[in-house]
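Work through the exercises below with the sequence and the model open. Try each task before reading its solution.

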Amino acid sequence: MGVFEDSVGTFLSPVKQYLDEEAVSEVLINGPNEVFVERKGLLERTPAKFLDEQALQAAVRNIAQFVGRRIDEDNPILDARLPDGSRVAAVLPPCSRKGTTLSIRKFSKGNPTFVDLINRGSISKDGARFLDVCIFLAKNIIISGGTGSGKTTLLNVLGSRIPGTQRLLIIEDSSELKINTDHVVFFETKHADEMGKGGISIRDLIKSALRLRPDRIVVGEVRGPEALDLITAMNTGHGGSMGTTHANTPYDGLVRLETLSMMGDTQVPVAAIRRQIASAIHLVTQIKRLHDGSRKITHITEVIPEIDDAGRYQIRDIYKFVQRGKSADGHIVGEFIPTGYIPSFMNEIEMNRLPFPKEKFTPPQWYLDMIQSNKNAA
């Protein structure tokens with residue numbers, strides 16, 4: 001971490017070995033006497049301890065000072081980004097009852113690719129090729145998943161596949177994305193000062209981005225009323241835009257966007273927002289961290305641009321992960337397979353002569369047999 005290590009590293013010396021260890025992705029400190037780390041998606045308790053609560057608070061205050069933030073009794077919450085891109089979140093007592101709570105999510109080195117995701121078993125080769133096709137065709141994509149599921153990594157991969165001839169504007173609350181393409185502009189929000197002035201929100205940045213001739217807009221994490229601005233941008237000629245949101249299923253991802261769109265001062269009726277969402281979003285890609293610690297894309301789902309008579313979104317799974325069992329060492333065994341549904345934009349794939357024939361959507365025989373067996377049992 002360079003200069004950061006010199007100025008703050010001594011305060012974090014009890015956990016320095018874990019910050020330096022490549023296999024550790026996150027360090028979680030729950031008070032001075034309890035330190036956990038995440039390795040390969042699984043949490044492990046360590047013997048590390050801080051001298052006392054004051055030593056831990058000194059570390060947090062020095063981190064805040066280094067990044068130009070303030071954390072004290074009046075402002076007991078810190079959310080910041082370190083110079084190397086690592087994310088830091090902290091909460092001081094009395095809000096944190098076990099003592100100061102600190103999380104350091106380490107910055108992943110290198111730019112991930114589809115090859116990396118395939119090698120990790122996060123997605124199949126055909127699933128990756130299909131997402132590549134969707135990026136080329138400028139389909140609007142929402143990545144849905146829980147905290148730590150790998151949404152940012154997947155967004156990095158997808159964003160890096162955007163053609164270099166297009167202008168990409170990336171908007172984040174805290175800059176994490178490392179999208180590697182020829183023409184990309186990065187925007188980051190700005191917190192208000194002690195007087196509550198000078199704050200710049202994601203909504204402000206999206207409005208500015210629309211005036212800066214973007215071909216595509218990427219919002220790192222949609223978690224507020226800016227959802228409506230992103231949906232509007234997707235519906236007004238900025239095809240191929242993307243964002244992430246916190247949800248457990250593709251359908252829940254759409255409902256969450258609907259809820260976020262209504263958080264602001266908008267007077268748009270719910271029915272109109274639903275129609276906009278159904279029209280704007282072409283695909284929802286669901287990613288999950290499974291019980292064995294692995295991170296897998298579990299669904300690639302098409303959103304049908306119509307609302308049914310009950311006011312519900314209509315979605316169709318194109319690919320999905322099907323668990324077939326568990327290995328002796330506890331690892332989940334399964335396959336990421338096509339469901340048999342052919343996407344509505346198949347004609348676009350064919351017209352553009354993209355090497356992805358209809359046969360790629362044919363499900364394996366064991367899956368068809370499983371479905372038939374379930375029908376017979378019912």
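**Exercise 1. Place I231 and decide whether it is buried or exposed.**

Step 1. I231 belongs to helix 8, residues 226-235. Helices are DSSP runs of H or I with at least four residues, strands are runs of E with at least two, and both are numbered from the N terminus.
Step 2. The model is predicted: local features need pLDDT of at least 70, side-chain atom pairs count only at pLDDT 80 or more, and totals for chains, interfaces and linings use all residues. Residues are numbered from 1 along each chain as its sequence is written, and side-chain values use heavy atoms, with hydrogens and water left out.
Step 3. I231 has a relative accessible area of 1%, so it is buried. The classes are buried under 20%, exposed over 50% and partly exposed in between, with a 1.4 Å probe and protein chains only.
Step 4. Leave out residues up to four places away in sequence; I231 then touches L257, Q276, I277, A280 and I281. Contact means heavy atoms within 4.5 Å.
Step 5. Take Q276: 45 residues separate it from I231 in sequence, but the C-alpha atoms are 7.0 Å apart.

**Exercise 2. Classify S327 by its accessibility.**

Step 1. Find S327 in the loop between strand 14 (313-326) and strand 15 (332-338).
Step 2. Its relative accessibility is 27%, so S327 is partly exposed.
Step 3. Now go to G146, 181 residues away along the chain: its C-alpha atom is 25 Å from that of S327.

**Exercise 3. Trace the six-stranded open sheet and find its edges.**

Step 1. The strand order is 3-2-1-6-5-4, and the pairing is antiparallel. Two strands pair if DSSP finds at least two bridges between them.
Step 2. Strand 3 (42-46) and strand 4 (77-81) are the edges, each pairing on one side only.
Step 3. Strand 2 (residues 35-39) and strand 3 run antiparallel and are joined by five bridges. Here V37 stands opposite E44 of strand 3.
Step 4. Helix 3 (residues 53-66) packs on the sheet. It touches strand 1 (24-30), strand 4, strand 5 (87-91) and strand 6 (101-105). The direction of helix 3 makes about 50° with that of strand 4. Axes are lines fitted to C-alpha atoms, for helices over the stretch in contact; angles run from 0 to 180 degrees between N-to-C directions.
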